Amino acid sequence: MFSLEGKTYLVTGTSRGIGSATAGILLNLGANVVGCSSSRPGKMEDLEAKYGSEKVLSVPVDLSKPGTGFELWEQAIRFKGRIDGLVNNAGIAPSTPYDAPNEQWTTDWARVMQVNVQAVADLCKAAIQHFETERVRNKDFAGRIVTIASRAAFRGDQPDSLHYAASKGALVALMRSIARGFSGNGIYGFIIAPGWVATDMAAVTEMPGNEHMLKEIPMGAMAPPEDIGNMIAFLLSGLVDNATGTTIDINGASYVR
């Protein structure tokens, strides 16, 4: 097993699910972790109790408000003075039928795009500029960004999730562009595209009439969030930097390309 001792990572959406699983894995590998959530620390409180406030910082932030991505980055930098990698995990997926009232439709689309795309873009901008500065100080420094997209970016989603699929497609294009534009300067970008993951967001699969959502998974079950967290840690490790720009599918073979 590799070590991430001395590294510091910013992980968004860490109160539960993929984010908290990832934070725990990174901490177990020796890293420092700055996490964030919109309302409560959630499982980050348990991680702080286990690893200590010198290793864990939880920041409350509402990424639906413009500019908060930049504010979050500044708070994260102050924790240890340097960030080695960014994990864009936070995202929202409200149900918005295509026949919803126009006001609801517009409001939901704007909020999804702000949280799922604009906040991610802002954090990536801040990260790239920071990584470039660190590279000037140390020519061996490398910065890494892992962004959680979705299989929906490639195969589409349900009619009430058009905004979600569109936002995840935008993230794929964003990360591929970052990989192409900055890999020559030691900045690497990776995409993970999960299917259903055993988190609170997947509660919709248990609603009457949605049984088909899980039946389509050949493995027979949703992926545990640790599967995504382990892959994130591996991509951040520097062991596979030539995979920059790639998309890793973790969906139980429910969508195979």
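1. Cys 124 is buried in this predicted model, because its relative accessibility is 1% and buried means under 20%. Cys 36 is also placed in the buried class, since its relative accessibility is 2%.

2. A disulfide is a covalent bond between the sulfur atoms of two cysteines. How many disulfides does the structure hold? The count is zero. Cys 36 takes part in no disulfide, and its nearest cysteine sulfur belongs to Cys 124, 13 Å away. Cys 124 is likewise in no disulfide; the nearest cysteine sulfur to it is that of Cys 36. The cut-off for a disulfide is 2.5 Å between the two sulfur atoms, so a separation of 13 Å does not meet it.

3. Side chains of opposite charge can pair when their charged atoms come close. Across the whole structure, eight salt bridges are found. The points below take up some of them, including one between Arg 151 and Glu 216.

4. In the bridge between Arg 151 and Glu 216, the closest N and O atoms are 2.7 Å apart. This pair connects distant parts of the chain, 65 residues apart. Arg 151 sits in the loop between strand S5 (143-148) and helix H5 (152-155), while Glu 216 sits in the loop between helix H7 (212-215) and helix H8 (225-236). Are the two partners buried or partly exposed? Arg 151 counts as buried because its relative accessibility is 6%. Glu 216, with a relative accessible area of 30%, is partly exposed.

5. Glu 216 has another partner, Arg 155, and here the closest N and O atoms are 3.1 Å apart. Arg 155 lies in helix H5 and Glu 216 in the loop between H7 and H8, so this bridge ties together parts that are 61 residues apart in sequence. Arg 155 is partly exposed, at 34% relative accessibility. Which residues are joined into one network by salt bridges that share partners? They are Arg 151, Arg 155 and Glu 216.

6. A further salt bridge runs from Lys 80 to Glu 54, with 3.8 Å between the closest N and O atoms. It links distant parts of the chain, 26 residues apart: Lys 80 is in helix H3 (residues 68-80), and Glu 54 is in the loop between helix H2 (44-51) and strand S3 (56-60). Glu 54 counts as exposed because its relative accessibility is 56%. Lys 80 is at 35%, so it counts as partly exposed.

7. Rolling a probe the size of a water molecule over the atoms shows where empty space is left. Two cavities of 30 Å³ or more are counted. The largest has a volume of about 40 Å³. Its lining includes Arg 151, Gly 195, Trp 196, Ile 217 and Met 222. By residue class, this lining has six nonpolar, four polar and one charged. Arg 151 therefore appears both in this lining and in the salt bridge with Glu 216, and it is a buried residue because its relative accessibility is 6%.

8. The second largest cavity holds about 30 Å³ of space. Among the residues lining it are Thr 12, Leu 63, Asn 88, Val 115 and Leu 123. Which helix gives the most to this lining? Helix H4 (residues 102-137) does, with four residues. The lining of the second largest cavity divides into six nonpolar, three polar and no charged residues.

Methods. Residues numbered from 1 in each chain as written. Predicted model: local features only at pLDDT ≥ 70, side-chain atom pairs only at ≥ 80, totals over all residues. Heavy atoms only, no water. 1 Å grid on protein atoms, 1.4 Å probe; cavity = no way out; pocket = protein on both sides within 12 Å on 5 of 7 lines; lining within 4 Å. Points joined across faces, edges and corners; volume = space filled by probe spheres on them. Nonpolar A, V, L, I, M, F, W, Y, C, P; charged D, E, K, R; others polar. Helix = DSSP H or I, 4+ residues; strand = E, 2+ residues; numbered from the N terminus. Salt bridge = Lys/Arg side-chain N within 4 Å of Asp/Glu carboxyl O. Buried < 20%, exposed > 50% of the residue type's maximum accessible area, 1.4 Å probe, protein only.
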